[in-house]
Amino acid sequence: MPATEIYDPELGDIQITPRRSTSRISARWRDGHLLVITPYGVSRARILEAIEAMRPRLLPGKPQPMFEIGRPLHLDGPYTYYLEHTSLTSGRITAHPVAAGMALRISSDLIPGTPQTDTAISRLMIRTAHCAATAIILPRARELAHSLNLEVREWAISHGRRTLGTCTRDRRISLSSLLLFLPAHLRDYIIYHELAHLTEMNHSARFHRLCDAYCSGREAELIKELRTYRWPILR
């Protein structure tokens, strides 16, 4: 039985995924929606019964919606994304620059909180982040390099989704536009990490000592925070 989806008024979209490796029905929240894992061959009625039994436990842990119409997403910078419903053609989302931010106009048939709509909103936000990242992140990167008396041959903003920064041997540093969606102190950590690569082109103990010094002794703390950071977009 392939993965299927059902909708519940309280729990929202529920993805039902059968797995041969499991012998019981379980559920967890993932990316804002409920994922239910079942053994193969379980009937829909049995799945609904199990969801109903788990409902009291699941509801308190339901994540807040990633996006809501009328609720601005304020980023450090400052930079803000505004979400509004309009009478656009069905299924469309458009972006329009506004003062210190971007307005996303979403057709009224698209409902934030569903995986498809949240994915579409996230993709558009990521596409529009590049120019803002150039104006917000690169001046800060140059400032941090100057404070450490480090010379960078060239700075650039990349479209990296998983790789947030790179540094080459000829002293070119590239920073992902996704840094726009990090709080300022985690952006600084990524910048310091790449600046440390100007001296150590590896992740040796010497590299980490240097990066830790740049981060005022907080490298381990910042690495842990970045690993557990809940991004305000779907990457």
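**Figure 1. Helix α1 is kinked at E52.** In helix α1 (residues 44-58), a kink of about 30° lies at E52, shortly before the proline P56. The bend at a residue is the angle between axes fitted to the seven residues ending there and the seven starting there. Helices (H or I, at least four residues) and strands (E, at least two) are DSSP runs, numbered from the N terminus. This is a predicted model, in which local features need pLDDT of at least 70 and side-chain atom pairs count only at pLDDT 80 or more, whereas totals for chains, interfaces and linings use all residues. Residues are numbered from 1 along each chain as its sequence is written, and side-chain values use heavy atoms, with hydrogens and water left out.

**Figure 2. The buried residues of α1 pack against four strands: β1, β2, β3 and β4.** I47, A50, I51, M54, R55 and L58 are the buried residues of α1. Buried means under 20% relative accessible area, exposed over 50%, and partly exposed in between (1.4 Å probe, protein chains only). An α-helix has 3.6 residues a turn, so residues three or four places apart point the same way. The strands against which the buried residues of α1 pack are β1 (4-8), β2 (12-18), β3 (26-30) and β4 (33-38); contact means heavy atoms within 4.5 Å.

**Figure 3. R55 and E10 form a salt bridge.** The closest N and O atoms of R55 and E10 are 2.9 Å apart. This pair links distant parts of the chain, with R55 in helix α1 and E10 in the loop between β1 and β2, 45 residues apart. A salt bridge is a side-chain nitrogen of Lys or Arg within 4 Å of a carboxyl oxygen of Asp or Glu. R55 counts as buried at 12% relative accessibility, whereas E10 is partly exposed, with a relative accessible area of 41%. A network of salt bridges links D8, E10, E52 and R55; E52 is also the site of the kink in α1. A search of the whole structure finds twelve salt bridges.

**Figure 4. R140 and D188 form a salt bridge.** The closest N and O atoms of this pair are 2.7 Å apart. R140 lies in helix α2 (residues 115-147) and D188 in helix α3 (residues 184-196), so the salt bridge ties together parts that are 48 residues apart in sequence. R140 is partly exposed, its relative accessible area being 28%, while D188 is buried, with a value of 13%.

**Figure 5. D170 and R172 form a salt bridge.** Between D170 and R172, the closest N and O atoms are 2.8 Å apart. D170 counts as partly exposed at 34% relative accessibility. R172 is likewise partly exposed, with a relative accessible area of 29%.

**Figure 6. R187 in helix α3 is buried yet has no salt bridge.** The nearest side chain of opposite charge, D76, is 5.3 Å away from R187. Lys and Arg count as positive and Asp and Glu as negative; His and the chain ends are not counted. Leaving aside neighbours within four places in sequence, R187 is in contact with D76, G77, I136, I137, L179, L180 and L182.

**Figure 7. E194, also found in helix α3, is buried without a salt bridge.** For E194, the nearest side chain of opposite charge is R235, 12 Å away. Beyond its neighbours within four places in sequence, E194 is in contact with G165, T166, C167, I173 and L175.

**Figure 8. L210 is placed in helix α4 (residues 205-214).** At 21% relative accessibility, L210 counts as partly exposed. L210 touches A196 and T199, not counting residues up to four places away in sequence. L210 and H193 are 17 residues apart in sequence and 9.0 Å apart in space, C-alpha to C-alpha.

**Figure 9. The protein that frames these views has five helices and eleven strands.** Its C-alpha trace spans about 65 × 45 × 30 Å along the principal axes. Of the 235 residues in the protein, 46% are buried. Among contacts with a separation of 6 or more, 44% are accounted for by residues 24 or more positions apart. The protein exposes about 12800 Å², of which carbon and sulfur atoms supply 51%; accessible areas come from the Shrake-Rupley method with a 1.4 Å probe, and for residues only the protein chains shown count as cover.
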